[in-house]
Amino acid sequence: MQLKKSRFLFFACEKNTLLTVLTILITVMMIGCQPQVTAPETTPGTEPTPTATTAPVEPTPTLMLTETPLAETPTTVPATDEPGAMAGVKLSDVLDNVAKLQNGTAGISLKQASAAAKVLDWAEDNELTEEEIESKIASYLDSLADPEAVGAFIVNFELVSEIPQKILDGDDSTIGMVSDAGYSLEHTSYTQSKWDTFLAAYKDNLPSMYTSYADMVSFDPETGWALFDYWDMLKGNEAKQWLIDNEGYTEANAQEYVTNMSESEFIKKNNNTRLRAVDMDAVSITMMYQADGTPVDDANPVALTFSEFMNLYASHPDSVLDSYFYYLTVQSGAVKEVEQPYWP
């Protein structure tokens, strides 16, 4: 039993020894497989040449040029130099779009925006002088059927005349309305002087406004505008001369006629072929009727608000159009007061 134990111990020792030898051999083999870096040989008496290494290159800073900011100067972006489609369109066709507007109908705001935009595009696309444009507008007005048609056109133009300026000013709401109407503006910006020229040419065609007697020819409750037919009240020598010049009276007959005229009689001189358009919502109004249509108690007209005037017209249109004549007071070229004076 003792012998077997010794042999077992010897075998264990031999086994441990073999494992140790194998471990050493494997280690040596692994070391031998690694690449060997041979140090450069040095010549006696000389210093070894150091291995060159590249130093990291610093990035070259970019030169940034800065300018001193200048004060902003407001500028108007010029419209394109190329004329748009309106350059080949007759002005009469453009103005027809305005004349055909029917106030109070469905979609009138969009139609007004479209018509006004076309007028602005025409003005931008043309190089005509104010006098040339004025002549074209005058020819167009002369082509209309009658004074009331001319007056209706003037009312329509007045209602849309502010739209082009809003487009010029870049008003998003107005520009959007033009787009909603299905019309595409031809330019991204417009020339103020061209629109000013067109507007001046239009105004040159309007009849002059001055203080005068007049008959109200029509009133449009949809717009609040009225058309007046101006006339002059002639008495005394003015009446006499008018009878001689226009009715073929002899001087003696004219004098006799004028002498026999009562205090309230007069001759109505009306050489005007054009009607005056007045925004009744922008003037003072005095009438010979109350808002409910009741005549005033005495010879003094009463003041009415625009709303009361509208009520009077709605219930008694004849009291507005076919009873008394009117007296229009003008200041600085604009009507300030519309009065129905008492006349026996």
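The lining of the second largest pocket divides into twelve nonpolar residues, one polar and three charged. Here Ala, Val, Leu, Ile, Met, Phe, Trp, Tyr, Cys and Pro count as nonpolar, Asp, Glu, Lys and Arg as charged, and the others, Gly among them, as polar. This is a predicted model, in which local features need pLDDT of at least 70 and side-chain atom pairs count only at pLDDT 80 or more, while totals for chains, interfaces and linings use all residues. Residues are numbered from 1 along each chain as its sequence is written, and side-chain values use heavy atoms, with hydrogens and water left out.

**The two pockets**

A pocket is an open set of points on a 1 Å grid over the protein atoms alone, where a 1.4 Å probe fits and protein lies on both sides within 12 Å along at least five of seven lines; lining residues have an atom within 4 Å of a point. A volume is the space filled by probe spheres set on the points.

| Pocket | Volume | Lining | Nearest the centre |
|---|---|---|---|
| Largest | about 390 Å³ | 16 residues | E158, L159, S161, E162, I163 |
| Second largest | about 320 Å³ | 16 residues | M209, W225, A277, V278, V335 |

Helices α3 (108–125), α5 (147–160), α6 (163–168), α7 (172–180) and α8 (192–204) each supply at least two residues to the lining of the largest pocket. Helices (H or I, at least four residues) and strands (E, at least two) are DSSP runs, numbered from the N terminus. That lining holds seven nonpolar, five polar and four charged residues.

In the second largest pocket, α5, β4 (276–279) and β8 (334–339) each give at least two lining residues. The largest share, four residues, comes from β4.

**N156 in α5**

N156 sits in helix α5. Is N156 buried or exposed? N156 counts as buried because its relative accessibility is 4%. Buried means under 20% relative accessible area, exposed over 50%, and partly exposed in between (1.4 Å probe, protein chains only).

The N156 side chain reaches two backbone oxygens: that of A99 at 3.5 Å and that of L101 at 3.2 Å. Leaving aside neighbours within four places in sequence, N156 is in contact (heavy atoms within 4.5 Å) with V98, A99, L101 and N103.

**Strand β7 and its partners**

In a regular strand the side chains alternate between the two faces of the sheet. Strand β7 (residues 326–331) shows such alternation. Y326, L328 and V330 point to one face and are buried. Y327, T329 and Q331 point to the other and are not.

Two strands pair if DSSP finds at least two bridges between them. β7 pairs with β1 (residues 212–220) in the antiparallel sense over three bridges. Y327 in β7 is the bridge partner of Y213. Five bridges join β7 to β8, again antiparallel. V338 in β8 is the bridge partner of L328. β7 and β8 form a hairpin with two residues between them. In that turn, S332 has a positive phi of about 55°.

**D298 in a loop**

D298 lies in the loop between β5 (284–287) and β6 (302–304). At 43% relative accessibility, D298 counts as partly exposed. A polar atom of the D298 side chain lies 3.0 Å from the backbone nitrogen of N300. M288 is ten residues from D298 in sequence, and the two are 8.9 Å apart in space, C-alpha to C-alpha.

Key: Polar contact = N/O pair within 3.5 Å; in protein donor to acceptor, adjacent residues only side chain to side chain.
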